[in-house]
Number of protein chains: 2
Amino acid sequence: MTPEEFRRHGHQVVDWIADYLGRVDQFPVLSRVQPGEIRAQLPKQPPQQSEPFGDLLRDVEEIVLPGITHWQSPNFFAFFPCNSSGPSILGELLSAGLGVQGMLWATSPACTELETHVLDWVAQMLALPDHFQSKSQGGGVIQDSASSASLCALLAAREQATQGESNRRGVYCPLVAYTSQQAHSSIEKAMRIAGLGDRQLRRIETDTQFALRPDRLAEEIARDRAAGNVPFLVAATVGTTSSGAIDPLSSIGEICQRERLWLHVDAAMAGTAAVCPEHRLIHQGLEFADSYCFNPHKWMFVNFDCDCFFVRRRDALTRALSILPEYLRNTASESGEVIDYRDWQIPLGRRFRALKLWFVIRSFGVEGIQCVIRRHIQLAEQFVSWVGANPDFELAAPRSLNLVCFRHRGGDTINQQILDRTESSGALYLTHTRLHDELVLRLSVGQFDTQQEHLEQAWALIQKAAVQELGDLKV
Amino acid sequence: MTPEEFRRHGHQVVDWIADYLGRVDQFPVLSRVQPGEIRAQLPKQPPQQSEPFGDLLRDVEEIVLPGITHWQSPNFFAFFPCNSSGPSILGELLSAGLGVQGMLWATSPACTELETHVLDWVAQMLALPDHFQSKSQGGGVIQDSASSASLCALLAAREQATQGESNRRGVYCPLVAYTSQQAHSSIEKAMRIAGLGDRQLRRIETDTQFALRPDRLAEEIARDRAAGNVPFLVAATVGTTSSGAIDPLSSIGEICQRERLWLHVDAAMAGTAAVCPEHRLIHQGLEFADSYCFNPHKWMFVNFDCDCFFVRRRDALTRALSILPEYLRNTASESGEVIDYRDWQIPLGRRFRALKLWFVIRSFGVEGIQCVIRRHIQLAEQFVSWVGANPDFELAAPRSLNLVCFRHRGGDTINQQILDRTESSGALYLTHTRLHDELVLRLSVGQFDTQQEHLEQAWALIQKAAVQELGDLKV
């Protein structure tokens, strides 16, 4: 493909995406294909000769599209949002077009410096503690996901707790970490990966609002110390996956400070809300945190992957993750004047992900982002009032920002019916969780284009689904 | 940004990239900016209001571009290639435009099924053992990098060696892994991350061609068993980073089979050569491997990130990496009929990376890929003949496919001069390594557009740099 062919086909792809974005609300939100249905349409062997680009685009439309679950649909209320936007898509495109590898400062200084700079912007936008800014001993880096960020935090904490021995000798003492019963599975996964074992993770009891109980945390730590275990990390959550619960960071932070434990805070979804001053309460106590992450790829209009990960001390992170083989040595790194982000993450290579974040912040402006976040939260509030007005339904947890957990009072069977019927109607996509061992419906508002009309339609269908099959409302 | 604005700005970005690809050979290959120079041009605060898209593109041209090291330049001979191509960029663009999250089959069946399918294509293209195809008990998955793939292999091997205890209890026995002294730093990093400690990694001596010595491997294993250690993994390399050395997989594989050790093979750069039947010798003995990875984002025209990772037994991998919280439960997963790739990797979320790989294979056709690979290897051969014809220079290792390690006979100082002078001329970018404790120049041919004229110019300048300053040949 010559540059001129690229130009022509590039315009075609851009047009296809523009059209897609214009009709994304027309598709069944959850793909209806059966297992194996996509593969059955693909040739068993790769083509020996070049195929025309038009054939590729045709297959995207005819074969791929029916197999897509439309995360960008305004009727997507499942899981958490994984939203995107025009400026982000174009930032990703530019990153692919430049095709740089940002493992070292020298291998593209702009890739590193723009990242450091934009993460400082983000720290300002969220009013994060100063120690997360690059002018301090800490700073920020883009990771692929909160799972990877939490793993990096855990590795830095592990290495610090063993005075630099765990990288060399392996895990040789009974290190123990703490998180709430409502924390994301990635904390457990990180414990496994890091060779600590999930048995060494204490799942602390939560309160009536599903937030970690600091009193129970303190008790568990004391019990572990008495038993000869070595507490080293608390992973707190701002906005749990199930219900959006917010752990009390101040109380937890005081315990961590007293006990000298690393405090990692995962605000993957909820963090973005702190762009609005009136929601910064969610971060109360964050000054105690040694590390923090949130995902602009969830609720800040940056397409996956883009997790912003901040640490209080960058040397704690690089001590855990840096290795310098001869073939990566270079003058700039040895001067000590630059950041080499390969030492802040698991993989060696890295894309130029700061471009899309930069594009989004500049295209929206801080006020533009605030405006969308406020709309989403207001829509969730409105939904709560509708639930309250229907005696058949109830809230299953307090609304948390843009997330509503609710249920039909008729028990699990009818709630499962609502899930199945709304899903198969194609008109919206909800997912579930369990709270107090009851099936709970989750409605998460966060797709860029979700407006009041979409919420109204969703609520109408949910109520209908409680009493009858919905049929196929879309195609 | 409305769909119509996206269309307009998208065309602008595509045009910018087409122009960039047409002039990429005109830039100094290695960026000349000084540390801090990019950041100094950026506003300290994020903008409160939206900025016009034209301003973003202007800043890309004026601020970002000077800070780019041009990995896509035909004069880039450093490290390993991280090449790209038009179809790949457009596949990445489509992936960003669809904005799906492929963590579960259900969250976009096409994302999962296309990936499984295209990885079967790749296995056919490289003539990999049948046990890496999805019709067997194994299969393939796209990872971000070989570092992550090797970590996943190591975790699966660790869990298997401890009969499922290491995830639960942590690392409680002295597990030992083996790799060559020339292996990539990612193996050491994986040992650290996994809580095993790099002290438990044996760096096996290599032969005169820098390949792992199976006799030494067998001796070390015996010594470890005698000492009460528990050998569990050998990480072999096809194409080491320093010199492209190829470990003898057959002999290593026989040892692994006899000793019941997991054999992981990292062919990150070299693997692509197996697309050409005449180069499949590099994979002789791969039938012994439990896992294998190579990077289309290095030498198969797919932009970063795209590592293809294959395992013999998918259950060994998912036993190490799967966790199922309530909020991810769904009918399709519970049917057991589908693959959920979140269980094959470290992070939970994942992009639709199969699209770009599919686009590249279909746009080039297998023959088109073979054709470029053969050109690169032939250019490297030619370069070797030039080195041989100049008595001041010598090869420092046998040529390996597209990688030539060579040096001036005048010692480290003059070789360092050649590096510095060619680098500061802007006309080409070489990197170095050390072999037998001598500074060695590496010339890696792998950018898509590198032609004979670029090699000729590079060689002329290298010879000149041995005797004089080159000045500023570009800009």
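Begin with chain A of this predicted model and colour its three segments by domain: domain 1 is assembled from 1–30 + 69–82 + 372–475, domain 2 covers 35–68, and domain 3 spans 100–351. With domains 1 and 3 of chain A selected, place a marker at the C-alpha centre of each, and the separation between the two centres reads 30 Å.

Next, select the contact between these two domains of chain A, where 15 residues from domain 1 meet 20 residues from domain 3. On the domain 1 side, the elements contributing two or more residues are helix H13 (354–389), strand E9 (403–408) and strand E10 (431–435) of chain A. Colouring that same side of domain 1 by residue class gives 11 nonpolar residues, three polar ones and one charged.

Now move to chain B and show its open sheet, in which seven strands of mixed pairing follow the order E1-E7-E6-E5-E4-E2-E3. Strand E1 (139–143) and strand E3 (201–204) of chain B form the edges, each pairing on one side only, and from one strand to the next the twist averages 20 degrees.

Within this sheet, select residues 175–180 and 230–237 of chain B, which are strands E2 and E4, paired in the parallel sense over five bridges; here Tyr178(B) stands opposite Val234(B) of E4(B).

Finally, add two helices of chain B. Helix H4 (residues 109–125) lies across E1 and strand E7 (307–311) of chain B, at about 110 degrees to E1(B), while helix H9 (residues 249–259) lies across E4 and strand E5 (262–266) of chain B, running at about 165 degrees to E4(B).

Notes
Residues are numbered from 1 along each chain as its sequence is written. Chains are lettered from A and ligands numbered from 1 in the order in which they are written. This is a predicted model: local features need pLDDT of at least 70, side-chain atom pairs count only at pLDDT 80 or more; totals for chains, interfaces and linings use all residues. Domain bounds come from an automatic or database domain assignment. Two residues are in contact if their C-beta atoms, placed from the backbone, lie within 7 Å. Helices (H or I, at least four residues) and strands (E, at least two) are DSSP runs, numbered from the N terminus. Ala, Val, Leu, Ile, Met, Phe, Trp, Tyr, Cys and Pro count as nonpolar, Asp, Glu, Lys and Arg as charged, and the others, Gly among them, as polar. Two strands pair if DSSP finds at least two bridges between them. Axes are lines fitted to C-alpha atoms, for helices over the stretch in contact, and angles run from 0 to 180 degrees between N-to-C directions.
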